[in-house]
Amino acid sequence: IRGVVESTSSLTQINGPALIEIDGDHATARSTIYEFGETLDKTSRFEEPGTYDDVLRKIDGKWRFTLRRFTIRHFRSVNIAG
């Protein structure tokens with residue numbers, strides 16, 4: 001994530017609500033995110049909707065991610081350099 005953020009001059013993320021299923025100390029979650037921004041050199045803009053599929057486990061009373069997978073559903077980049 002740091003590499004993505006550091007390579008942009010602006011980045012906005014809009015998250016949809018997560019669907020969470022809990023079974024004891026284990027849980028799965030799925031959420032949708034829409035990202036858009038501009039490259040650090042300001043030559044292009046991009047948009048990237050995707051889905052997070054997560055597996056969580058309750059450890060010492062706190063929920064922790066044990067697996068997080070991000071699937072890009074679409075990627076579009078537009079050159080804005082003149």
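These are my notebook entries on a few residues, the salt bridges and the largest pocket of this structure. I kept in mind throughout that the model is predicted.

**Entry 1: S31**

I started with S31, which sits in strand β3, residues 26-39. Is S31 buried or exposed? I looked up its relative accessibility and found 10%. Buried means under 20%, so S31 counts as buried. Next I listed its contacts, leaving aside neighbours within four places in sequence. S31 is in contact with G16, P17 and A18, and also with G50, T51 and Y52.

**Entry 2: T51**

T51 was on that list, so I followed it up. I found T51 in strand β4. Its relative accessible area is 7%, and therefore T51 is buried. What does its side chain meet in a polar contact? The partner is the side chain of R73, at 3.1 Å. I then noted what T51 touches, not counting residues up to four places away in sequence. R30, S31 and T32 are there. R69, F70, T71 and R73 are there too.

**Entry 3: Salt bridges**

How many salt bridges does a search of the whole structure find? I got four. Side chains of opposite charge can pair when their charged atoms come close. I wrote up three of the pairs.

R30 pairs with D53, and the closest N and O atoms are 3.2 Å apart. This bridge links distant parts of the chain: R30 belongs to strand β3 and D53 to strand β4 (residues 44-59), 23 residues apart. I checked exposure next. R30 has 41% relative accessibility and counts as partly exposed. D53 is at 24%, which also makes it partly exposed.

R45 and E38 form another bridge through their side chains, 3.2 Å from N to O. R45 is partly exposed at 47% relative accessibility. E38, at 13%, counts as buried.

D54 and R68 also meet in a salt bridge, with 2.8 Å from N to O. Again the pair links distant parts of the chain, with D54 in strand β4 and R68 in strand β5 (residues 62-72), 14 residues apart. D54 is buried, with a relative accessible area of 5%. R68 is partly exposed at 44% relative accessibility.

**Entry 4: The largest pocket**

I turned to empty space. Rolling a probe the size of a water molecule over the atoms shows where empty space is left. The largest pocket holds about 170 Å³ of space. Which residues line the largest pocket? I noted I1, V4, V5, L11 and Q13. The list goes on with E35, E48, Y52, R68 and F70. R68 I had already met in the bridge with D54.

I sorted the lining by class: six nonpolar residues, one polar and three charged. Then I asked which elements each supply at least two residues of the lining. They are α1 (2-6), β1 (8-15), β4 and β5.

**Entry 5: E48**

I ended with E48, one of the lining residues. E48 is found in strand β4. Its relative accessible area is 12%, so E48 is buried. Leaving aside neighbours within four places in sequence, I listed its contacts. E48 is in contact with I33, Y34 and E35. F70, I72, H74 and F75 are further contacts of E48. I also looked up E48 and S10. The two are 38 residues apart in sequence. In space, E48 and S10 are 14 Å apart, C-alpha to C-alpha.

Definitions and conventions:
Residues are numbered from 1 along each chain as its sequence is written. This is a predicted model: local features need pLDDT of at least 70, side-chain atom pairs count only at pLDDT 80 or more; totals for chains, interfaces and linings use all residues. Side-chain values use heavy atoms; hydrogens and water are left out. Helices (H or I, at least four residues) and strands (E, at least two) are DSSP runs, numbered from the N terminus. Buried means under 20% relative accessible area, exposed over 50%, partly exposed in between (1.4 Å probe, protein chains only). Contact means heavy atoms within 4.5 Å. On a 1 Å grid over the protein atoms alone, a cavity is a set of points where a 1.4 Å probe fits but cannot get out, and a pocket is an open set with protein on both sides within 12 Å along at least five of seven lines; lining residues have an atom within 4 Å of a point. Grid points are joined across faces, edges and corners, and a volume is the space filled by probe spheres set on the points. Ala, Val, Leu, Ile, Met, Phe, Trp, Tyr, Cys and Pro count as nonpolar, Asp, Glu, Lys and Arg as charged, and the others, Gly among them, as polar. A polar contact is a pair of N or O atoms within 3.5 Å; within protein, one must be able to donate a hydrogen and the other to accept it, and residues adjacent in sequence count only if both atoms are side-chain atoms.
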